[in-house]
Amino acid sequence: MLRSPYTKYDRLFIYHLDTIDIPAINDPDWIGTWHEDGNGIVFFHTEKDAFMADLCTRHNCALIYQADLSYEEWDAGQAITPFTVGSLTVAPVWDETKADITLDPSVIFGSGFHPTTRKCLQMVNKYTTTPELHIRSMLDLGTGTGLLAIGAAKQGTRVMAFDNNPLACEVARANTIYNRVDTLVEVKEVDLRTNPVETENIDLIVANIHPELLKDLFLSPDFWHGNLYILSGFMKSMEPELLAHLDTRSIKFLERTRNGKWCVWVVAPNTSTFLKG
Ligand SMILES: C[S@@+](CC[C@H](N)C(=O)[O-])C[C@H]1O[C@@H](n2cnc3c(N)ncnc32)[C@H](O)[C@@H]1O
């Protein structure tokens with residue numbers, strides 16, 4: 001996350017360690033620490049080779065690799081600039097454009113430049129601004145920067161946002177505060193593989209996540225009690241495998257759309273109150 005004196009990202013110095021047991025880092029150049037598959041990934045604005053070598057010695061852990069990238073290289077080679085989707089303009093915190101959503105994307109998925117994020121935001125905006133649907137509650141499964149949750153909260157929807165990456169949760173919470181929707185969005189650090197989500201009485205469930213996790217969710221008996229689902233995170237070639245995990249007799253497709261090779265499905269279970277009347 002951006003902390004004073006930093007107001008934007010330039011270079012990223014990334015240290016991948018063989019442990020998640022990393023002490024709090026009190027250094028003005030520290031951006032944050034990720035956990036992934038039992039490893040810790042520490043991000044700084046400046047080179048910290050000696051600091052990290054010392055940390056590894058003191059905490060008996062090893063550096064697996066180190067990388068030094070520009071911020072654009074980290075975000076698939078593109079600069080993060082303002083954009084508009086539906087009724088929402090989104091701008092990074094370092095840009096002076098007047099925007100509905102101001103985002104610190106940090107080093108977290110969800111700047112708005114990935115085709116899945118962009119299309120999901122478009123769908124979230126479309127359905128939360130459809131007055132007849134009265135979408136009042138949403139789950140954001142794998143919230144990343146919190147952009148989709150904030151997009152819904154801007155229309156007055158209450159959101160419970162989940163992510164298993166502690167840095168994503170910290171960034172998403174900070175973004176809800178910047179955007180003055182922290183009273184509407186609650187961010188929780190949860191591993192969705194081991195904690196089933198309860199969708200009963202939820203109007204909208206959004207999941208832009210890895211297809212393996214989507215398949216697990218599809219098979220979970222608690223998953224299909226909500227009203228409307230926006231699902232993404234998979235390419236066209238992966239659709240047949242995902243369809244094989246869906247009971248298509250009890251799920252109705254409302255939209256099956258794409259942004260490039262990435263797919264977004266909008267579906268509703270037959271029990272959805274949105275399909276009645
Ligand atoms: C593809 S990103 C989507 C981020 C954002 N919702 C968007 O649309 O841009 C998927 C997010 O899911 C989170 N995630 C991955 N596995 C997870 C799990 N088992 N439980 C909870 N969150 C998970 C990741 O940390 C990441 O932030």
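A residue counts as near the ligand here if its C-beta atom, placed from the backbone, lies within 6 Å of it. On that basis, in this predicted model, 23 residues surround the ligand. The closest of them are Gly 110, Thr 117, Gly 142, Gly 144 and Asn 208. Three elements give two or more residues to this shell, namely α3 (115-128), α4 (147-153) and β9 (158-163). Helix α3 gives the most, with three residues. As for chemistry, the shell around the ligand splits into ten nonpolar, ten polar and three charged residues.

Stepping back to the whole chain, the protein has seven helices and 14 strands. Its radius of gyration comes out at 19 Å, and since a compact globule of 277 residues would have a value near 19 Å, the two agree. The C-alpha trace spans about 65 × 40 × 35 Å along its principal axes. Of the 277 residues, 38% are buried. Contacts also reach a good way along the sequence: taking those between residues at least 6 apart, 66% join residues at least 24 apart.

The protein is divided into two parts, domain 1 (11-74) and domain 2 (109-275). Their C-alpha centres lie 30 Å apart. Where domain 1 and domain 2 meet, the contact takes four residues from each of them. On the domain 1 side, the residues that touch domain 2 are one nonpolar and three polar, with no charged residues.

Then there is the inside of the protein. The largest nonpolar core has 65 residues, and this core draws at least three residues from each of domain 1 (11-74) and domain 2 (109-275). Within the core, the residues with the most contacts are Val 124, Ala 149, Leu 204, Val 206 and Ile 230. Leu 204 is worth following a little further. Leaving aside residues up to four places away in sequence, Leu 204 touches Tyr 127, Ile 135, Met 138, Asn 227, Leu 228 and Ile 230. One of these partners, Ile 230, is itself listed among the core residues with the most contacts.

Technical notes. Residues numbered from 1 in each chain as written. Predicted model: local features only at pLDDT ≥ 70, side-chain atom pairs only at ≥ 80, totals over all residues. Helix = DSSP H or I, 4+ residues; strand = E, 2+ residues; numbered from the N terminus. Nonpolar A, V, L, I, M, F, W, Y, C, P; charged D, E, K, R; others polar. Domains from an automatic or database assignment. Contact = placed C-beta atoms within 7 Å. Rg over C-alpha atoms; globule rule 2.2 N^0.38 Å. Buried ≥ 20, exposed ≤ 12 C-beta atoms within 10 Å, placed from the backbone. Core = buried A, V, L, I, M, F, W, Y, C linked by C-beta atoms within 7 Å.
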